[in-house]
Amino acid sequence: MQSQAARRAFMAATIWLVAGGAASAASFQLREGDPDWLANAFAGSAAKAYDAGTAWNNPAGMVFLNDNEIDSALNYFDPGIRFSGENLVNGKPVRGDTGGDAGPQEFSAGTETVLHATPDLAFGAATEAPFGLRTSYPSNFVGRYQALVSSLFDLQLALSAAYRVTPQFSIGGGPVLTYFHARLTQAINTQAFVPGAGDAVVDIHGDDIAAGYHLGAMYQITDGLRVGIDYHSRIGTDVTGQQRVAIPPAIMARSPFVTAVLQALNQDASAQIALPDYATLSFYDDLSPEWSVMGTVQWTDWSLIKTLSVETPTSVEATPIGFRNTWMGSIGVNWRPPMFPRLTLQSGVLYDEGANTDLTRGPRLPDEDRVGLGVGFQFAVTPKIGFRFGYLHEFPGFGSDKIDYTNNFPGAGTLIGSYANDADVASAGVTMKF
């Protein structure tokens, strides 16, 4: 019985880390990393090829740059995640709070570098955090038996090379290395055995280093119009770590049996979690010296996460997960005012599908469709140094935000209600050419 409880505690928390949704893309995918990307709502990302950001978005574009270049940025996230509803255990509401805003403010950074070996051969490196974010509920959250803290961090280093095959066509690609870390906590309902003694809290944390690859191609149709396609491979991670339980003193004093059961949950644990592959198709068109338009469609292979395999020292279990593949579409425009030749004004709009449905949505990182509006600017301080700023606000889309969720952990209950999600993301960065 203790072994089964240990497996269920780890599975319940880990499954809903994977089944979550965050900030600015479906499920736990993030696209932020550069002010230029936010300002255009990610439109044209795989075809712009006018700065070092192409080292991440499409390495084939690196040969279109005239200079060596380093771009760096600091990104600020302020997600709004608010639950309304109740948690029912055996038909009775759990006492507590609805959790307020479960989306803590976060920062991340991104850097992209492009170096030319010859006019037709370039090398690049990019450091980004394409998956992750965090939710945090107070200890008296009505859904505390399903989730308290969910923290996911993914740092990727993409190395690449690009070659100009013809004056119009180029290819690029290279390996991607990732460091993945996860921490999950949830309360354990022992009220039926030790009433009024408080909740034990299980804390699961682990990490892994894994590798994948990315590939891209770009074609210059006319002097102003080009198209690009980029593919980032799936990356399978074997997250290994520990499961630890904090037991309230009242439980330890009043029930040695319950204390022993909870202490048996302290053990090593691991889970196989896939970071999905995704493909991006974009166009970018300089209509005139003042105006540029761009667009993007992106597909993410969330349905590859069909099951979650969880291993403890005594067993291996596979649990089904019901994800759907998602599409994101965006359009954007850049304007270079003739009276301010060093300034570029940017804007864009996007629509992004959520990977979850009403059957799979959970409280750790609740996901839904969303609409995004981006604005920003670029300013060339000198011909070699520029400053950039981008801002993106995301609204709920037209899909459902309902939740009817149980994690099958004994006494956890069923969380019923809905989520109201939005997000503000800002980014500031510097471009240096040499």
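**A tour from surface patch to core**

Strand S19 contributes three residues to a nonpolar patch, the most of any element. This is a predicted model, and the patch is the opening stop.

**Stop 1: the surface patch**

Select Phe379, Val381, Ile385, Phe387, Phe389, Val430 and Met432. Together they form a nonpolar patch on the surface, with about 530 Å² of accessible area. Two elements give two or more residues to the patch: S19 (385-396) and strand S21 (414-433).

Now pick Val381 alone. Where does Val381 lie? It sits in the loop between strand S18 (370-380) and S19. Val381 has 42% relative accessibility, so it counts as partly exposed; the exposed class begins over 50%.

**Stop 2: strand S1 and its partners**

Stay with S21, and add strand S1 (residues 69-89). S1 and S21 run antiparallel, joined by 20 bridges. To find the register, select Asn75, which stands opposite Ser427 in S21.

Next, show strand S3 (residues 106-118). S3 also pairs with S1 in the antiparallel sense, over nine bridges. Here Ala73 is the marker: Gly110 in S3 stands opposite.

Then move to strand S2 (residues 92-93). Two bridges pair S2 with S1, again in the antiparallel sense. Select Leu88 and find Pro93 of S2 opposite. S1 and S2 form a hairpin, with two residues between them. Click Asn90 in the turn: its phi is positive, about 55°.

While the strands are on screen, keep one rule in mind. In a regular strand, side chains alternate between the two faces of the sheet.

**Stop 3: the largest nonpolar core**

Turn to the interior. Which residues touch the most other members of the largest nonpolar core? Select Phe42, Val114 and Phe180; the core has 43 residues. Two helices give two or more residues to this core, H2 (35-39) and H3 (54-57). Strands doing likewise include S4 (121-128), S6 (149-164), S7 (169-188) and S8 (200-220). Strands S10 (235-246) and S11 (267-275) also belong on that list.

Zoom in on Phe180 and show its contacts beyond four places in sequence. Leu152, Phe153 and Asp154 are among them. So are Gly206, Asp207 and Asp208. Thr237, Val239, Ile273 and Leu275 also touch Phe180.

**Stop 4: a second core**

Finally, select Tyr145, Ala187, Val245 and Leu265. These are among the 19 residues of another core, which lies apart from the 43-residue one.

Note on methods
Residues numbered from 1 in each chain as written. Predicted model: local features only at pLDDT ≥ 70, side-chain atom pairs only at ≥ 80, totals over all residues. Heavy atoms only, no water. Core = buried A, V, L, I, M, F, W, Y, C linked by side-chain atoms within 4.5 Å. Buried < 20%, exposed > 50% of the residue type's maximum accessible area, 1.4 Å probe, protein only. Helix = DSSP H or I, 4+ residues; strand = E, 2+ residues; numbered from the N terminus. Contact = heavy atoms within 4.5 Å. Patch = residues over 30% accessible without salt bridge, like charges linked within 9 Å, V, L, I, M, F, W, Y side chains within 5 Å. Areas by Shrake-Rupley, 256 points an atom, 1.4 Å probe, with all protein chains shown as cover. Salt bridge = Lys/Arg side-chain N within 4 Å of Asp/Glu carboxyl O. Pairing = 2+ DSSP bridges.
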